[in-house]
Structure formats: structure tokens, C-alpha cells
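Biologist: I would like a close look at a single part of this model. Please take one chain and walk me through its contacts, its domains and its core.

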Amino acid sequence: MKYLHLIWAALFRRKTRTILTLVSIVTAFLLFGMLDAVRSGFDDAGKSANGAQRLQTGSKLSFIDTLPQGLGAQLEQVPGVKSVAYVNWFGGAYQDPHNQIFSFAVSDNYLDQYPEIEVSPEARQAFNSTRTGVIVGAELAKKYNWKVGDKIPFQSTIFAQRDGSKNWSFDIVGVMRAKEKSASWYDQMVLLHWKYFDESTTYNRGMVGWYVSRVNDISQSDRVAKAIDAISANSDHETRTQTEQAASASWMKQLADIGLIVGSIMGAVFFTLLLLSGNTMMQAVRERTSELAVLKTLGFSSRAVMAMVLAESVLLLLIGGVLGLLLAMFMVGGMRAQMGNMPISSVDGGIWMRGLLLMLVVGLLVGALPALRAMRLNIVDALAGR
Amino acid sequence: MNFLRNLGWCVGLAIILYIWIQLPWWGLLVLLGVFALWMLLTRRGQQAASITAVGISTLKQRLGSSAVVVIGIAGVVGVLVALLAMSEGYADTLRRTGSDDTAIVMRGGSASEVMSVLDHDSTVVIPQAAGIARDAQGKPLASPEIVVAANLPVRGGGPDEEGSVQVRGVGEQAWGVRPELKIVAGRKFQPGMRELVVGTGAQRQFANLQPGRQVKLGSQVWTVVGVFAAGNAFDSEVWGDADTVADTYRHGGSRSAVTVKLSDPKAFSSFNAALAADPRLAVEADTTGNYFSKQSEGTSKIIRVIGISVGLIMAIGAMFGALNTMFAAVAARAREIATLRAIGFRGLPVVVAILLETMLLALLGGLLGGLLAWLIFNGYTASTMAAGSVGQLSFAFKVSPELLLSGLKWALAIGFVGGFFPAIRAAQLPVTTALRES
């Protein structure tokens with residue numbers, strides 16, 4: 001620590017070069033922060049303590065096939081199941097048929113399954129008592145300037161009403177907010193009554209898109225899932241039950257192999273960074289040869305000189321890296337606000353840990369060669385300029 | 001004063017870069033030609049050429065720092081080209097799926113085929129409309145089709161790992177409507193049988209889709225009898241007999257959409273008008289060319305934006321790397337440059353020579369990056385859940401010459417900025433101080 005001043009002075013001996021190198025390091029870690037936020041966002045989708053308690057039961061045929069509503073009563077009988085809710089995909093659109101909005105037709109107890117979604121008790125009350133009532137996500141309400149009490153015209157891209165019209169009208173009775181980031185897409189969603197939906201359309205006829213069950217004990221999830229699937233085995237509506245986590249993981253995997261894309265970009269970025277800052281450190285040590293020799297003459301051991309060069313390169317990486325990650329925090333905040341329905345994690349402790357580790361490793365790698373050179377320096381030769 | 005001048009340089013550079021990126025290939029050629037003439041014919045151009053030659057001949061001594069420029073820029077160009085190739089490949093696959101002389105008819109207000117439902121009556125009425133081409137027997141080339149999704153085990157995945165594939169139930173006319181579709185192995189399915197033909201993309205992605213194998217679709221076992229290739233999004237699908245598929249998925253007589261072959265592209269408006277005028281129908285028609293481009297729009301735009309943003313951030317990093325290298329190069333050659341100026345070389349040739357040297361390194365980097373992207377990613381297949389479909393769409397990255405050219409343009413732009421400020425510094429160096437520097 002007492003040599004910090006010396007290391008600092010060495011680092012900023014050539015201001016232009018150090019600052020230029022720093023900017024390159026900042027951009028590298030800015031990219032690292034942003035891409036890692038996307039990657040961990042996709043990885044963590046559905047991974048929450050509440051999510052682990054939920055099982056999703058859908059048709060084994062495919063995700064667009066439906067199940068009879070009567071199955072719900074049988075699900076409730078399965079030992080270990082606490083409560084069962086059901087949902088249908090509504091396929092709503094607002095203003096323009098191509099402006100689709102995530103909208104689910106849900107059973108009355110659906111929101112009970114999601115304690116991480118915050119809805120005021122009055123809104124719940126109003127939702128339960130209003131047949132045409134909907135609860136809208138906070139972000140969505142902000143985007144379209146919706147207020148409680150508004151009547152909103154909706155189109156369904158899938159379901160027509162009994163009279164053949166695809167225009168639906170709903171009353172906004174409340175707003176929901178996600179308390180955890182894993183549930184943040186509920187901020188962009190509209191929930192309506194399954195019962196109203198089922199009675200109003202001729203297409204549905206008592207069918208359910210998927211069931212959401214909560215289990216008493218997470219360690220029993222596998223057994224419960226198997227027991228649920230056994231109920232309808234060999235019937236004409238076989239089911240497939242997964243934990244919410246497994247279900248979203250398989251969705252994300254079908255969407256894109258984010259890990260591979262992010263991995264290859266980061267590989268290219270850090271390979272370049274290694275070369276770039278390595279070159280800077282090489283130059284820095286080369287032009288300071290005589291100074292290092294003076295240090296050695298004054299009594300600094302070879303090892304101390306080596307340590308100082310290493311510390312210099314790690315410090316360079318740390319300054320640039322921390323600035324880059326701070327910038328990434330700022331940018332990712334903006335990205336999350338812009339693309340609400342994409343699972344992007346914030347730049348959190350995990351990313352900082354990985355980032356700091358990377359700075360340390362790259363710093364040591366980059367400093368290794370120059371440090372070795374500084375350590376092996378022969379005082380007489382260096383001072384003579386040979 | 002100094003600050004204002006630098007600000008002026010930056011604004012000027014931004015304008016130049018903007019024009020540069022927009023420049024078409026013939027513009028580049030003209031620019032190159034003019035520049036070559038200047039170098040050959042004018043005195044200053046000849047001076048610039050000789051300084052450049054000196055600079056390039058000393059490159060070998062600065063191998064390490066020059067490599068930083070080359071590899072830094074290669075990284076930017078490689079990543080940029082790869083991401084844009086992904087966007088291009090995705091859009092291209094969907095674009096080729098549609099054409100201007102086929103039209104798709106869906107229930108009004110449906111955003112995609114999967115969300116549309118047409119009752120049996122509509123599927124009978126639609127083929128009667130005007131403007132549809134007819135086959136040799138005089139039957140209209142119209143194919144009512146049903147689109148559903150099926151879960152199939154993923155090839156090379158875990159025992160419980162399933163992916164979604166789009167299943168299309170088609171009638172006999174489907175092959176006539178899409179002549180680009182060729183059976184490459186086995187045979188077509190027989191109507192009424194539980195037989196499937198699978199696209200080459202689907203076959204690559206899911207297990208057990210070889211002719212002769214059996215797969216479970218829904219609660220029933222189907223036999224794969226053939227493989228087809230179309231070179232577009234249909235390759236990711238699995239096809240079976242419409243009635244049998246509808247039966248398995250409990251859809252009865254309803255279908256998703258009707259695809260028709262138009263007698264010629266101009267017939268679309270009359271076809272559309274005929275449908276709109278028919279009181280029995282509540283449908284919307286669009287040419288498939290339009291329909292599939294619209295489906296690809298959102299996703300390919302997102303990939304493009306991501307690619308350009310990542311490329312831009314990387315480019316800034318690489319630019320500073322180049323600046324660093326070139327400042328060091330100029331500092332190392334300060335005496336040499338001052339000597340040149342003392343014996344009568346002007347400022348401009350010095351600036352041009354340093355710019356040229358950086359841009360040459362950048363060009364090398366751009367070529368290397370483009371080559372790597374082409375070698376690794378051209379034809380590389382990826383898959384995603386495509387918008388407007390219910391199955392995995394597999395598509396190949398497409399590293400087109402245009403993409404490579406724009407990658408090179410980016411590389412040269414980075415080199416230009418990276419060399420610009422060091423070049424200015426070299427030209428403005430007071431001769432006397434530089435000569436005295438050791």
C-alpha cells in the first residue's frame with residue numbers, strides 16, 4: 001500500500017497513452033456488463049423462490065393445445081398440491097391488430113399463486129366483483145395512459161365473441177406491479193376473467209390453456225408433477241407438468257442460444273483487450289528501463305519491482321473496468337426501461353464479482369511479461385542503456 | 001482556441017464518417033480513383049507516397065503495436081459481420097418463403113397463420129375467387145391448410161428435452177402452390193394415412209425424423225415417409241395430410257389459412273377485391289411475400305440493432321487502441337518527420353502518409369475479421385422461435401458481399417479516426433523542438 005503513490009505516478013507517466021488505453025478498457029467492460037446482464041437475465045428467468053413452488057401443467061400435444069377445465073378439480077386432489085389456478089392465452093391487441101399485448105384469461109385465484117405480484121386489496125375486490133374487469137400491468141398503464149375506471153377496447157387476434165365480433169371491451173379495475181425482477185413481465189400484461197372469456201366466445205368451450213399449481217413442499221415437486229401427469233395418462237388430453245423454472249428455461253432455450261452468442265462476442269473482445277493493454281504495459285516498462293534500474297539500485301528487490309509492475313497493470317484494469325461497469329449499470333438501467341418484456345438482469349453483485357475477477361485475471365496476464373522483464377533487469381546494463 | 005479547433009475537427013469527422021458509411025460501392029471506387037490520380041500526378045501526392053513508403057517499411061519494427069490495430073479492428077468487423085449475417089439470414093429465410101404471385105388468406109384481424117381459424121365453408125368458397133391460377137385439370141391452385149404445433153424430442157438433447165415444431169396439414173394442391181418444394185428422400189405422404197414428410201431443417205433439429213422412423217404426434221404414432229427441401233422457412237416444418245392432422249388435433253373441418261397461387265402477380269388486387277366483396281367471407285388476404293417479410297421485420301430489426309450497438313461500442317474501443325498505437329508511432333518518428341518538414345515537405349503529405357498507414361492496418365484488420373466471420377459463420381445454422389409461428393425456425397447465417405463491404409467500411413472508418421489525430425499532431429509539431437528531441 002505504501003507504494004501506491006509510486007505506482008500511480010508510473011501509471012500516469014504518459015497521460016495520453018494511459019487515458020487512451022483506459023477508454024479501451026472501459027468499453028470492453030461496458031460490453032461485458034451489458035452482455036452479462038442479458039445472459040444472466042435469460043438464465044435467471046423463472047428462477048425465484050416463489051417460482052420454485054409452482055408447477056405448470058400444459059397439454060402434452062403442444063403449447064397451443066388446451067385441457068378440459070374439469071381436470072382442475074382432479075389436480076387439487078393430488079397430495080402435496082396446495083392450490084390450482086388456470087389460465088388461457090387471450091391474444092389481445094390494442095388499437096391495431098398487430099400491436100399485440102400479453103393478455104391472459106385467468107381463474108379468480110390466479111393472482112394468489114403469484115405473491116410476488118403486488119395488487120391492492122381494493123383492486124382484487126373490484127376485480128372479483130366486475131365481470132368485465134381487467135387488471136393491467138403498471139408499465140403498460142403508464143405507456144397507454146390508462147387509469148382505473150377506464151373502459152378499453154381490445155381486439156383478440158384469436159377469439160371472436162358470440163356475435164362474431166373480435167372487439168372486446170374491458171373495464172380497468174386495478175393495476176399490478178411486480179415486486180421481484182423475475183416477475184417483471186407482469187408489468188406489461190393484462191389479466192381478464194376466464195369465466196367472462198369462456199362465456200363470451202364460442203371457440204373455447206370450457207377449455208384451459210394451462211394450470212398453475214402451488215405445492216406444499218418444494219422437495220416434493222417432482223413426485224407431484226409425476227402424479228399430476230399420471231391422472232390423464234393414456235387419455236385424449238395427456239398433460240406435461242414442469243416446474244415453472246424448467247418451463248421458462250426450455251422457452252428461453254428455444255428462443256435463442258444466448259450463452260453462445262454472448263460467449264463468442266466476449267471472447268473476441270477480451271482477446272483484443274489482452275493484446276491492447278499488454279502492448280501498453282510493454283511500452284510502459286520498456287521506456288522506464290532506466291528508472292526501474294534506479295529503483296533496484298536504491299535497494300528495491302527484484303521481486304518488489306516485479307510486484308510493482310504487476311500492481312500497475314492490475315490497477316490500470318481496475319480503474320478502466322470499474323468505470324466500464326458503472327457505465328454499464330447506467331446503460332442497462334436504460335435498456336430495462338426501454339425493453340420491459342425482455343428478461344434483462346440489472347448489473348448486480350454477481351456481475352460485479354465476475355467483472356472484478358476478470359479485471360484481476362486480465363491485469364495479471366497482461367502484466368506478467370513486462371513484470372518478468374522488469375524483474376530480470378540487470379542494473380548495470382539498464383543504466384548503461386544497453 | 002485549441003479546444004474550439006479540436007471540437008471543429010470532431011464535428012467535421014462525424015460528418016465525413018456519416019457520408020462514408022452511406023457511400024455506395026461505386027462511390028468508393030470513384031473516391032479511390034481520384035485519390036490514386038492525386039498521388040500519381042501532383043507533387044504533394046508524390047511526396048505523400050514516398051513518406052508512406054518509408055512508414056510502411058518500418059512497420060516490421062513495430063510489429064506488436066501494429067498487431068493491436070489489426071486484431072482490434074478484426075474483432076470489431078468479425079463480431080459486426082457475424083451479427084448482421086444472423087439478422088440477414090433470418091430475414092432472408094422468411095423473405096424467400098413468400099413470393100408476389102402467391103397469396104395467403106386468413107381470418108380478418110389475425111396477426112399470423114397460427115392465430116387464424118377459417119371454417120369449412122370459407123375454405124370451400126375462397127378457391128372459387130377470381131385471379132387464382134389453375135392446374136392442368138382446371139382445378140384452382142388453392143390449398144387450405146391447418147397449422148398446429150407439436151412437441152418433439154430435440155436431437156442430441158436430454159431424455160426429457162422437447163422442442164416445438166410447426167406441423168402443417170396440407171391437401172394435394174399444396175405442392176402445386178409451392179413448386180420450390182422438392183422431395184429429396186423417400187416419398188410424399190398418402191392422404192388419409194398417418195404419414196409425415198419432414199423438412200430438412202426440422203430433421204436436423206429433432207430426433208427420429210428419418211424416413212422409416214416413427215414419431216408420436218399427439219396421442220398417435222406417425223410414420224416419417226419422406227424428406228423435403230424448399231430452401232426457406234418450410235424446411236423447419238413437418239407436413240401431413242390436412243384431414244388426419246385436423247382429426248388428431250380435434251380441429252374438425254376448420255383450417256388455419258388458405259394459400260393460393262395467383263394467375264399472375266397483378267391479379268392480387270382483383271383477387272383481394274373478390275374476397276372483400278363476398279358477403280359469406282370475413283377474411284383478409286395478403287401476398288405471401290408481404291406476409292412473411294412482415295413476420296421477419298421485428299426480429300431481424302432487433303438483431304440488427306443489437307449488432308450495430310455492440311459493433312459501435314467495440315469500434316470505440318478499437319479506435320482508441322489505434323489512436324494509442326499511432327500516437328506512439330508518431331512520437332517515435334518525431335525527428336524523422338521534423339527532418340522531412342525541414343527539408344521542404346509540406347504538412348499535407350505528412351498527414352496523408354500517416355492516415356494511409358493506419359488505414360492500411362485497418363484494411364488488413366477488416367479483411368481478417370471479414371474472412372474469419374465468413375469462414376466460421378457463413379452457412380452456420382441457428383434456430384429461434386420465429387414470430388408468427390409455433391415452431392423452431394432454423395436459418396443459416398448469410399455473410400453476403402454487401403455485409404463484408406460494410407465491414408470493410410467500418411474498418412477503414414476506425415482506421416481513419418485512429419490515424420487522424422496523430423497525423424494532425426505530426427503535422428503541427430514545431431520543427432525545431434522535434435529536431436532537438438532525443
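Modeller: What follows is a tour of chain B, starting with its domains. Keep in mind that this is a predicted model.

Chain B splits into two domains. Domain 1 of chain B is made of two stretches, 12–95 and 296–436. Domain 2 of chain B covers 109–281. The C-alpha centres of these two domains are 48 Å apart. They do touch: 11 residues of domain 1 of chain B and 15 residues of domain 2 of chain B take part in the contact. On the domain 1 side, α4, β11 and β12 (392–396) of chain B each give at least two residues. The largest share there comes from β12(B), with 3 residues. By class, that side has 3 nonpolar and 8 polar residues, and no charged ones.

Now the contact with the other chain. Here 38 residues from chain B meet 40 residues from chain A. Several elements of chain B each supply at least two residues to its side: α4 (63–97), β2 (142–153), β3 (162–170), α10 (288–332) and β11 (381–385). Of these, α10(B) gives the largest share, 11 residues. The side of chain B that touches chain A holds 21 nonpolar and 17 polar residues. Charged residues are absent from that side.

Next, the core. The largest nonpolar core has 231 residues. Those that touch the most other members are L31(A), I73(B), V76(B), V81(B), A85(B), V105(B) and I414(B). Helix α4(B) gives the most to this core, 19 residues. Recall that α4 of chain B also supplies residues to the side that touches chain A, and to the domain 1 side that touches domain 2 of chain B.

Take A85(B) as a sample. Set aside its neighbours within four places in sequence. A85(B) is then in contact with A373(B), F377(B), F397(B), K398(B), V399(B) and L403(B).

Compare helix α2 of chain B, residues 25–41. This helix is hardly covered: of its 17 residues, the count of buried ones is 0. Its length can be checked too. At 1.5 Å a residue, 17 residues should span 24 Å, and the end C-alpha atoms of α2(B) are 24 Å apart, so the two agree.

One last point of reference sits in chain A. K253(A) lies in helix α9 of that chain, residues 244–255. K253(A) counts as partly exposed because it has 17 C-beta neighbours inside 10 Å. The C-alpha atoms of K253(A) and S345(A) are separated by 17 Å, with their positions 92 residues apart along the chain.

How values were computed. Residues are numbered from 1 along each chain as its sequence is written. Chains are lettered from A and ligands numbered from 1 in the order in which they are written. This is a predicted model: local features need pLDDT of at least 70, side-chain atom pairs count only at pLDDT 80 or more; totals for chains, interfaces and linings use all residues. Two residues are in contact if their C-beta atoms, placed from the backbone, lie within 7 Å. Helices (H or I, at least four residues) and strands (E, at least two) are DSSP runs, numbered from the N terminus. Ala, Val, Leu, Ile, Met, Phe, Trp, Tyr, Cys and Pro count as nonpolar, Asp, Glu, Lys and Arg as charged, and the others, Gly among them, as polar. A residue is buried if 20 or more other C-beta atoms lie within 10 Å of its own, exposed if 12 or fewer, and partly exposed in between; C-beta atoms are placed from the backbone. The expected span of a helix is 1.5 Å times one less than its number of residues. A nonpolar core is a set of buried Ala, Val, Leu, Ile, Met, Phe, Trp, Tyr and Cys residues joined through C-beta atoms within 7 Å. Domain bounds come from an automatic or database domain assignment.
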